[in-house]
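Morning, everyone. Let me put the model on the screen and walk through a few of its strands and helices.

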Amino acid sequence: MKYSNQDKNHHSWMVVENQFHANHLKKYEAIMTLGNGYMGIRSSHEEHYLDEMRNTFISGTFNRFSEEEVTELPNMPDLTQIKLILDDEVFSLTTGRVIDYRRELHLWNGEVYRVIKWQSPLGKTYKIEFKRFVSHNNLHLLGQQVKVTPLSEEVAINIVSGIDGQVTNSAVQHFIEGNKRFYYGKIQEMQQKTTESDIEIYAHTVHRFVLNEEIMNLKPFMTMDRRKIAGEYACSIPQGQTLTIEKLSMYHTSRDCDLKGDLHDWALSEIEAVGQWGYDLWFEKSAKAMKTFWDEKDILIEGKEGATFDQLAIRFAQFHLKGMTPAHDNRMNIGAKGLSGEGYKGHTFWDTEIFILPYFIYSEPQVARQLLIYRYHSLNSARQKARDNGYKGAMYPWESAWIEDGEVTPVWGAADIVTGERTKIWSGFIEQHITADVAYAVWQYYQVTGDHPFMEDFGFEILAETANFWCSRLEWNSNLNRYEINDVVGPDEYKEHVNNNAFTNYMAHWNIELVIHLYENEPAFRELLSDKMTIEADYHFWQKRLDLIYRPQPNADQIIPQDDTYLQKKNIDLGPYKNKGKVGLLFKDYNLEQVNQMQVTKQADVMILMYLLEHLFTPELKQVNFDYYEPRTLHDSSLSLSTHCVLACDLKKYNLGYSLFEKAARIDLGDNMSSSDQGLHAASIGGMWQCIVNGFGGVRNINGMLRIEPSLPEQWQRLKFEILWQGNPIIIEIEKETLDFSQKVTLSNKGKNQVIVMTKDHPIPLESNGQVVL
Ligand code: BGC
């Protein structure tokens, strides 16, 4: 993969594919996905290929095909296909000869550009350019432009283009066929309805053709087929001249929060308005919105050779975070693969709260707020899950989709190499830490933003109900005189049915301790909740349990046991399975039951505990546990590397931190050509920001105080980024002096209020519009 480019103005701003590979289609489709939070479209080519995975998703349009399967985001009718027939030869890069090929994802303006010089099987040569964007100015709009120039002789061109509803999610068809229509000789329309959730969707498209700056009025030959509508447009292009084909398309659904009046009338009037203008105008509007975004959010990394890639990686991360996040609608959340693939079915996990939300909390708190309100809207289904399991309060689903769906984790997973049967997925039943993770995120959001109205309207209730769940979930051990949490899966999903997973127990304890603190110190908490809950009785319930909750303590070697039995399990040689560029290799040799008996960890577990509740652990303890657990951790989940990177930075091992950051950045951007087939790794993308800001930038919320302790890795010369602390923009710039490599840290407060910054255990006042050099 190539990242550098000749375009000096856009250094570290583009991802480039410089050779066509029919077997690498899925990789580039995923990493070049275009999205605006409402929709996400994988960058499949305009022409079809055998091994492609064409996907378009619209946030929140979940549908459950049958009782035997869980709900998922359905693959929308495809609007991106354009078939080019040139003198009776179908344009395809798998035939003829590809003389030149280049595709670029332009992070600065959100456009994908492809340029090809192609010789057809009959020896005719063409230059063909493709452009497309998903609008950041109009959530419903996507645009495409194709320029065809015959280089050897005049060509008769036929263009077949329309709306293809013959798409599935791995063969599952989520739509009932609806109406299709062709309006005013211009607009193609397809209407469909999801089979179970009854969501109506409209897809519209309109074409325009320009030859020599003259708009051509091409009359199409229309075809309508089952779940398909298309027009065939024909004309001739003289040698050396260019035909420009433009396709502007829109989706509208009955779930849209901006729905105005009748869905059909609204959708039709919108595409009519869009069709008045060409690609360039709509693209410019979108590019302008992207420019505003980057003007505010760009993070700068400068340094040695590797820094160029790092700079690109963080822009890639921010670009996709923007594209995958439904900031427009708080009934929706971020999928583990964003909107870039079928993986994890569009479901939301703790990935949002622990790995992605920090980015939004510190840089776009209004978006973080929306994502947390989604959890508030889901409170009733979380209460239902708690009741169904015999508990009180709110028990959040491990995987969630639409706010009313409750638990949507599939029950069956991969093949068991020993028995040959399907492996049962226990997470939906017993991976319960998600409930504390949501509470943790609520509190982080509040402490960093100071958004008290949010707490009054939503946050306090989430915190109280999650604490109620934990209190009812605790099990009394009369022999040991303590409350335990047994039979769970912790973050390490290679250990099932364990007792007292350290992460789960500590986080539950933290959740209950917090609400006791709020009850005792925050009058609004007591007053507002007394109308909704039996808050006084709840308070006694919390109080009685808190000090008796068992939190695994360090053993004689200072190791915090991951759970009751982990440290007694056998160690195996992880050589054949670790750092091999492929995850899950262990399962070629063992099944989950066998892995359960080994000291092998899938991803950060005790380590994420030491990161999230860092004030509870000394640096020495963190170091000893890092040294114990990291060698036993396969990093088989993409969530693992960024946590380890931040911890390595906390432990002042910046080179190690840097190598972990590099690995995290290459999960999607690296050379593994199949790692992104099912979609991007949203949590790892959020984790890349954490590595930079929380790791090397040393930014942390310590009990409501802003701590900044930056340190750059060897490869970086300069790092500059902005965070928002309680509404005050703080610019943090770290630069290495050229002579002695010492670091100059400059903090500037662009906000209205003084901010106290803790650094090396000292509070430093940072005045409004003031600057401090550390
Ligand atoms: C990880 C989970 C994660 C999920 C979705 C799993 O492989 O173990 O921690 O939430 O993927 O990304």
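Start at Met39. Its bridge partner in strand E4 is Ile58. That pair belongs to the contact between strand E3, residues 39-41, and E4, where three bridges join the two strands and the direction is antiparallel. One thing to keep in mind throughout: this is a predicted model.

Zoom out one step. E3 and E4 are part of an open sheet of three strands, in the order E2-E3-E4, with antiparallel pairing. The edges are E2, 34-35, and E4, 56-58, and each of these pairs on one side only.

Now the second sheet. How many strands does it have, and in what order? Four strands, E24-E25-E29-E30, again open, but with mixed pairing. Strand E24, residues 699-702, and strand E30, residues 762-766, each have a single partner strand, so each has one side without a neighbour in the sheet. From one strand to the next, the twist averages 35 degrees.

Look at the E24 end. E24 runs antiparallel to E25, residues 705-708, and four bridges hold the pairing. Within that pairing, Arg700 sits opposite Arg707 of E25. As a general reminder, side chains in a regular strand alternate between the two faces of the sheet.

Next, strand E26, residues 716-725. Is it enclosed or open to the outside? Seven of its ten residues are buried, so E26 is largely enclosed by the rest of the structure.

E26 has pairings to show. Take E19 to begin with, residues 300-303. E19 and E26 pair antiparallel over four bridges. Ile301 is the residue opposite Leu719 of E26. Note the numbering there: E19 lies at 300-303, while E26 lies at 716-725.

Then E27, residues 728-736. Eight bridges join E27 to E26, also antiparallel. Leu724 has Pro729 of E27 as its bridge partner. The two strands make a hairpin, with two residues between them. In that turn, Gln726 has a positive phi of about 45 degrees.

There is another hairpin to compare. Strand E20, residues 412-415, pairs antiparallel with E21, residues 422-424, over two bridges. Ala415 is matched with Arg422 of E21. Here six residues separate the strands, and Gly420 in the turn has a positive phi of about 80 degrees.

Stay with E20, because it includes Trp412. How accessible is Trp412? Its relative accessibility is 43%, so it counts as partly exposed. Trp412 also helps make a nonpolar surface patch of about 270 Å², together with Val411 and Phe429.

Last stop, helix H9, residues 434-449. Thr449 is in this helix. It is buried, at 17% relative accessible area, and the cut-off for buried is under 20%. The Thr449 side chain reaches the backbone nitrogen of Asp451 at 3.1 Å.

Asp437 is in H9 too. Its relative accessible area is 0%, and it is buried. Which residue do I want you to find relative to Asp437? Thr352. The two are 85 residues apart along the chain, and their C-alpha atoms are separated by 9.5 Å.

To recap: a three-stranded antiparallel sheet, a four-stranded mixed sheet, and E26 largely enclosed. Add the hairpin of E20 and E21, and the buried Thr449 and Asp437. That's it from me. Over to you.

Terms used
Residues numbered from 1 in each chain as written. Predicted model: local features only at pLDDT ≥ 70, side-chain atom pairs only at ≥ 80, totals over all residues. Heavy atoms only, no water. Pairing = 2+ DSSP bridges. Axes fitted to C-alpha atoms, helices over the stretch in contact; angles between N-to-C directions. Buried < 20%, exposed > 50% of the residue type's maximum accessible area, 1.4 Å probe, protein only. Patch = residues over 30% accessible without salt bridge, like charges linked within 9 Å, V, L, I, M, F, W, Y side chains within 5 Å. Areas by Shrake-Rupley, 256 points an atom, 1.4 Å probe, with all protein chains shown as cover. Salt bridge = Lys/Arg side-chain N within 4 Å of Asp/Glu carboxyl O. Polar contact = N/O pair within 3.5 Å; in protein donor to acceptor, adjacent residues only side chain to side chain.
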